[in-house]
Amino acid sequence: MRIPTIIGTIDRRILINYQADKEVIEKFLPTTFRPKLVKGKAIVGICLIRLKNIRPKGLPFNIGISSENGAHRIAVEWTENGEVKEGVYVPRRDTSSRLNSLAGGRVFPGVHHLADFKVKESNGQYNIEFKSDDGTFLSIVAQETNNWSKVSVFDDKDCASDFFKNGSVGYSPDKIGETFDGLELKTKNWEVSPLTVSKVTSSFFEDKSVFPDGAVTFDNALLMRNIDHEWNSKKSLENKNTVPNKSYLQWLGEV
């Protein structure tokens, strides 16, 4: 799928990151991808992003749209033309925008589930939750901080920042599951700060039928604010899975 270059502003982006058992994620991932590891752990998570003034490049500022969005992500590597690439696999997207939910998988990459988002932000504290049309939900309470997570597999904030900055290409399954459509995020500046998380609930990562007890644990959370950016299409990748497993279909919302 090829779309024109899309530009706008990342008004707020929170990356909720988990460390996960390599073997569990390998069983879940389509065989096109393999988990990118940090100290032997796979890195998965959810991106909560509020986009503003999103529009095709070259069109005026005042026609842009804004929305709250959530993307489930897995840090991955893959081999393309003999070269190892890195990025994220995005099996599921949720959005507050009815337009995005209608166009996702048709006009731009990734099926988007329509969701109800509730957001409260005050004095550096973030209370964000969403519940999707199929019952998928997430809730987080977090506070801006200067302290790095003591449970993280990343040595410090800068190590985590570099890891996610290098994973700027994301692939999502197309609507019929034959290919993975790619988007590359390009930012005019990149700056993250840590968040202290007092509560986080994820219906997917806490689903024991998909992830056994202890297979996925919270690692850290990062915040980005006021980032001008653009999205560029990447060449689609072939889906090498002939029969996706049940947990893969569950994440897509197909079962």
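This report describes the cavities, the charged side chains and two unusual backbone angles of one protein chain. The model is predicted.

**Cavities**

A search of the whole structure finds two cavities of 30 Å³ or more. The largest cavity has a volume of about 40 Å³. Its lining is made up of Asn 17, Ile 43, Val 44, Gly 45, Ile 46, Arg 73, Ile 74, Ala 75, Val 88 and Phe 164. Strand 4 (41-56) and strand 5 (65-80) each give at least two residues to this lining. The largest share, four residues, comes from strand 4. Sorted by class, the lining of the largest cavity has seven nonpolar, two polar and one charged residues.

The second largest cavity has a volume of about 40 Å³. Around it are Lys 36, Arg 73, Ala 75, Gly 87, Val 88, Phe 163, Phe 164 and Gly 167. Strand 5, strand 6 (83-95) and helix 3 (157-166) each contribute at least two residues to the lining of the second largest cavity. By class, these lining residues divide into four nonpolar, two polar and two charged. Arg 73, Ala 75, Val 88 and Phe 164 appear in the linings of both cavities.

**Salt bridges**

How many salt bridges does the structure hold? There are 18 salt bridges in the structure. Three of them are set out in the table, with the distance between N and O atoms.

| Positive residue | Negative residue | N to O distance |
|---|---|---|
| Lys 39 | Asp 155 | 2.6 Å |
| Lys 85 | Glu 83 | 3.7 Å |
| Lys 234 | Glu 184 | 3.7 Å |

In one of these pairs, the side chains of Asp 155 and Lys 39 meet in a salt bridge. Asp 155 lies in the loop between strand 9 (137-144) and helix 3, and Lys 39 in the loop between strand 3 (37-38) and strand 4, so the pair ties together parts that are 116 residues apart in sequence. Both Asp 155 and Lys 39 are exposed.

Lys 234 and Glu 184 also form a salt bridge through their side chains. This pair links distant parts of the chain, with Lys 234 in strand 13 (residues 216-238) and Glu 184 in strand 11 (residues 179-187), 50 residues apart. Is each partner buried, or is it partly exposed? Lys 234 has a relative accessibility of 29%, so Lys 234 counts as partly exposed. Glu 184 has a relative accessibility of 18% and therefore counts as buried.

Strand 13 also holds Lys 235. With a relative accessibility of 52%, Lys 235 counts as exposed. The C-alpha atoms of Lys 235 and Leu 183 are separated by 8.6 Å, although these residues are 52 residues apart along the chain.

The bridge between Lys 85 and Glu 83 has its closest N and O atoms 3.7 Å apart. Lys 85 is partly exposed, because its relative accessibility is 30%. Glu 83, with a relative accessible area of 46%, is partly exposed.

Some salt bridges join into a network, which links Asp 11, Arg 12, Arg 50, Lys 52, Glu 68, Glu 121 and Arg 225.

**A buried charge without a salt bridge**

Glu 80 is in strand 5. Glu 80 is buried, yet it has no salt bridge. Which side chain of opposite charge is nearest to Glu 80? It is that of Lys 85, 5.1 Å away. A salt bridge needs the nitrogen and the carboxyl oxygen to be within 4 Å, so a distance of 5.1 Å does not qualify. The side chain of Glu 80 does have a polar contact of 3.1 Å with the side chain of Trp 78.

**Two positive phi angles**

Most residues other than glycine have a negative phi. Asn 53 has a positive phi of about 55° although it is not a glycine. Asn 53 is in strand 4. At 19% relative accessibility, Asn 53 counts as buried.

Asn 123 also has a positive phi, near 50°, and is a residue other than glycine. Asn 123 sits in the loop between strand 7 (112-122) and strand 8 (125-132). Its relative accessibility is 74%, so Asn 123 counts as exposed.

Technical notes: Residues are numbered from 1 along each chain as its sequence is written. This is a predicted model: local features need pLDDT of at least 70, side-chain atom pairs count only at pLDDT 80 or more; totals for chains, interfaces and linings use all residues. Side-chain values use heavy atoms; hydrogens and water are left out. On a 1 Å grid over the protein atoms alone, a cavity is a set of points where a 1.4 Å probe fits but cannot get out, and a pocket is an open set with protein on both sides within 12 Å along at least five of seven lines; lining residues have an atom within 4 Å of a point. Grid points are joined across faces, edges and corners, and a volume is the space filled by probe spheres set on the points. Ala, Val, Leu, Ile, Met, Phe, Trp, Tyr, Cys and Pro count as nonpolar, Asp, Glu, Lys and Arg as charged, and the others, Gly among them, as polar. Buried means under 20% relative accessible area, exposed over 50%, partly exposed in between (1.4 Å probe, protein chains only). Lys and Arg count as positive and Asp and Glu as negative; His and the chain ends are not counted. A polar contact is a pair of N or O atoms within 3.5 Å; within protein, one must be able to donate a hydrogen and the other to accept it, and residues adjacent in sequence count only if both atoms are side-chain atoms.
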